[in-house]
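Me: I have a structure to look through and I'm new to it. Could you walk me through what stands out?

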Amino acid sequence: MAMDTALEPHHDGSPLYVSNQHPHLGDAVVLRLRVPRALGTLQGVRVRSNPDREPVFAVAQLTSSAGGWDWWQAEVAVANRVHGYRWLLRLADGTDMWVNARGVFTTETLDSEDFRLATGADAPDWAASSVMYQIFPDRFEKSDAAASRPAPVWAVPADWSDEVRLEPSVRSTQLYGGDLDGVVERLDHLERLGVTMIYLTPVFPAQSNHRYDATSFDMVDPQLGGDDALIRLVEAAHARGLTVIGDLTSNHSGDAHEWFRAAYGNPAAPEGDFYYWRDAEHEQYESWLGVPSLPKFNWNSRELRRRFIEGDDSVVARWLKPPYSLDGWRIDVANMTGRLRNDDLNADVRQTIRRTMTDVNPDTILLAESTNDASSDFQGDAWHGAMTYANFTRPLWGWLSEPLTDAGGGLGMAMQTIPRYDGWQFYAAHRQFSAGFPWSVRLGNMNALDTHDTPRFLTRALPGVLPVAVGMSVTLPGIPVVWAGDEFGLTGVDGEHSRTPIPWHAADAASGTIDLYSELIALRRKHSALNGGGMRWVHVSDDALAYVREDGDESLLIVAARADVSVDLPAEVIPTPDAVEQLFGGLVLSTEGDSIRMSGTGPDFSVWQTAGA
């Protein structure tokens, strides 16, 4: 079943539709709505805002008509830190039509699905055009110096060619010895791919290979080369125009962390209130999902805030300043941070982190993990974007993967038990989970096919769909993510298995996949419409999705198909349809009269360029 989205009224938060991308309280902002002429004469158009939770309406005026579309606009004053609004159209027959961030409706819609103007906490200018490469340091590359470092007592040493072991006793302790100087040695590879941002999973000392159980936040793990190795990496990356962000655990530390060891069994210690204790003796404590090695921080502690997140001497600040000069942070388990029973200090913590970062270097990015519906925490007050799975990763797996219902536990199981989706279900899930984000945050959300916490996408992918998946990650709004090894065609049945050491010896054999990633990343970086431009859905069917990314300079018509496809669209979905240039893919576009047809053999991902809106 196909769904006609081609000629729907449309608005989004991009510059085509919102005059001020960085509004402040009290600013007047001009909003624009694109309405198809096919909808007929309208009795009127209004913008319904909700300042202080009391609806008000601004009357819109018809300002121009071109290419089968009318453009309406209205001015609103930003009344709250997050200013919600939607459009109301009165049709010729008296029917009302509502347009919000989730779509077009004929009944009144929820405030939670309004478009949003968010004030403050703007992401750096480079964020929206970033392409992220995620590195798990132990598994990326070993420098020559790594061989001289003895393995720590907790580790199970492994050779680079050894299989990743999945038995519980060694899942987190198998150590391959990758280090930060090894990353420096492979920067040519990252330049070949065209990525712009390196995301390092934690580099602090710990008692696991993943290092999310930090024993200190004051030094880089000597196993990775120590502080000087991080300095060398950041300097080398910056010299090539790459940014580098680190990874912090704001929800917990390791049970061997210096703060926890000082507080354990010692209520009088200065660190005594850094954690949640179940007994007066400080011997029983709360931890992440009941895992004893990951005791949970208590953000009621003023001293914890001072040491970790607040001010120039905090952990957050230290690593952003020279000589380390990280370009931002990804915050682990951000959704659980500051939350336990009656406590909900999440907003305090995230806003404090961002204030500290702004004071140290406002040109830094703050991303946060929130594995499910993340929108309530991501309203522009701190986080610039979400590492989340509900709006892109899981729907994409549902549409482009073989179904599998018998799997292991954890997030891997959640990824692998997704039911088989058709295109309509992908569209519905993606729009539903994206609708709650302000546009600026949506541009900072991570479009990940997979990560270090999930199976590899290719493990269950339908035959031939990798170009479709990568293409969608680089062309939908958000930051594309390459999890190190994806470009080598690696597979993995769960998060641990996906952390395979990078097979550098196989680079030539993987050159086709590497070149695919490189070509699609280059497409993303070259075209302004893909780096902040608007987003319109124009076709949804079981096996094909079509959308337009657009700005004042160009429009890109994009078709993602998992099977053979023939899509017919009205000619007015794009400007000058008879003068398009094909940028990628194998589908054929033809124009006949008032329609456009894209057809061919699938799976396929095709992109055409034409004039700006």
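Reply: What follows goes through the cores, the aromatic pairs, the cavities and some backbone details of this model, which is a predicted one.

Me: OK, start with the inside. Which residues have the most contacts inside the largest nonpolar core?

Reply: Those are Phe308, Trp329, Phe457, Met472 and Phe605, in a core that has 110 residues. As a general background, nonpolar side chains tend to be buried together in soluble globular proteins.

Me: What is Phe605 in contact with, leaving aside its neighbours within four places in sequence?

Reply: Its contacts include Pro467, Val468, Gly471, Met472 and Thr475, and also Leu520, Tyr547, Ile558, Val559, Ala560, Phe584 and Gly585. Apart from the core that holds Phe605 there lies another core of 24 residues, with Leu33, Val45, Ala60 and Ala101 among them.

Me: Several of those contacts are in the 466-475 stretch. How many residues of helix H12 are buried?

Reply: Nine of its 10 residues are buried, so helix H12 is largely enclosed by the rest of the structure. The buried ones are Leu466, Val468, Ala469, Val470, Gly471, Met472, Ser473, Val474 and Thr475.

Me: Switching to rings. How many aromatic pairs are there?

Reply: A search of the whole structure finds 34 aromatic pairs. In one of them, Trp319 and Tyr324 have ring centres 4.3 Å apart and planes at 50 degrees, so this pair counts as tilted. Both Trp319 and Tyr324 are buried.

Me: And what sort of pair do Phe426 and Trp537 form?

Reply: Phe426 and Trp537 form an edge-to-face pair, with 6.5 Å from centre to centre and 65 degrees between the planes. Phe426 belongs to helix H10 (residues 423-434) and Trp537 to strand E22 (residues 534-540), so the pair ties together parts that are 111 residues apart in sequence.

Me: Are those two buried or exposed?

Reply: Phe426 counts as buried, at 0% relative accessibility, and Trp537 also counts as buried, at 8%.

Me: What about charges over rings: which ring does the charged end of Arg34 sit over?

Reply: The charged end of Arg34 sits over the ring of Trp69, 4.8 Å from the centre of that ring. In another such arrangement, Arg46 lies over the face of Phe57, at 4.4 Å from the ring centre.

Me: Now the empty space. How many cavities of 30 Å³ or more are there?

Reply: The count comes to five, and the largest cavity holds about 410 Å³ of space. That largest cavity is lined by 29 residues, of which His10, His11, Ala101, Phe115 and Arg431 lie nearest its centre.

Me: Which element gives the most to that lining?

Reply: E22 gives the most, with four residues. Strand E7 (96-100), strand E8 (103-105), strand E9 (115-118), H10 and helix H11 (439-442) are among the elements that each supply at least two residues of the lining. H10 and E22 are also the elements where Phe426 and Trp537, the edge-to-face pair, are found.

Me: Anything about the backbone? Which residues does a cis peptide bond join?

Reply: One cis peptide bond joins Pro322 and Pro323, with omega about 10 degrees, and Pro323 is in the loop between helix H6 (315-318) and strand E15 (328-332). Another joins Gly602 and Pro603, with omega about 0 degrees, and Pro603 is in the loop between strand E28 (595-600) and strand E29 (604-611).

Me: Why point those out?

Reply: Because most peptide bonds are trans, and most residues other than glycine have a negative phi. On the phi side, Asp52 has a positive value of about 55 degrees although it is not a glycine, and Arg53 likewise has a positive phi, of about 65 degrees.

Me: Where is Asp52 placed?

Reply: Asp52 is in the loop between strand E2 (42-49) and strand E3 (56-59), and Arg53 is found in the loop between E2 and E3 as well. Asp52 is exposed, with a relative accessible area of 62%, and Arg53 counts as exposed at 72%.

Me: Last one: what does Ile231 contact, leaving aside its neighbours within four places in sequence?

Reply: Ile231 is in contact with Pro323 and Tyr324, the former being a residue of a cis peptide bond and the latter a member of the tilted pair. Ile231 lies in helix H3 (residues 226-239) and is buried, with a relative accessible area of 14%.

Terms used: Residues are numbered from 1 along each chain as its sequence is written. This is a predicted model: local features need pLDDT of at least 70, side-chain atom pairs count only at pLDDT 80 or more; totals for chains, interfaces and linings use all residues. Side-chain values use heavy atoms; hydrogens and water are left out. A nonpolar core is a set of buried Ala, Val, Leu, Ile, Met, Phe, Trp, Tyr and Cys residues joined through side-chain atoms within 4.5 Å. Buried means under 20% relative accessible area, exposed over 50%, partly exposed in between (1.4 Å probe, protein chains only). Contact means heavy atoms within 4.5 Å. Rings of Phe, Tyr and Trp (its six-membered ring) pair if their centres lie within 6.5 Å; planes under 30 degrees apart count as stacked, over 60 as edge-to-face and the rest as tilted. A charge sits over a ring if NZ of Lys or CZ of Arg is within 6 Å of the ring centre and within 35 degrees of the ring normal. On a 1 Å grid over the protein atoms alone, a cavity is a set of points where a 1.4 Å probe fits but cannot get out, and a pocket is an open set with protein on both sides within 12 Å along at least five of seven lines; lining residues have an atom within 4 Å of a point. Grid points are joined across faces, edges and corners, and a volume is the space filled by probe spheres set on the points.
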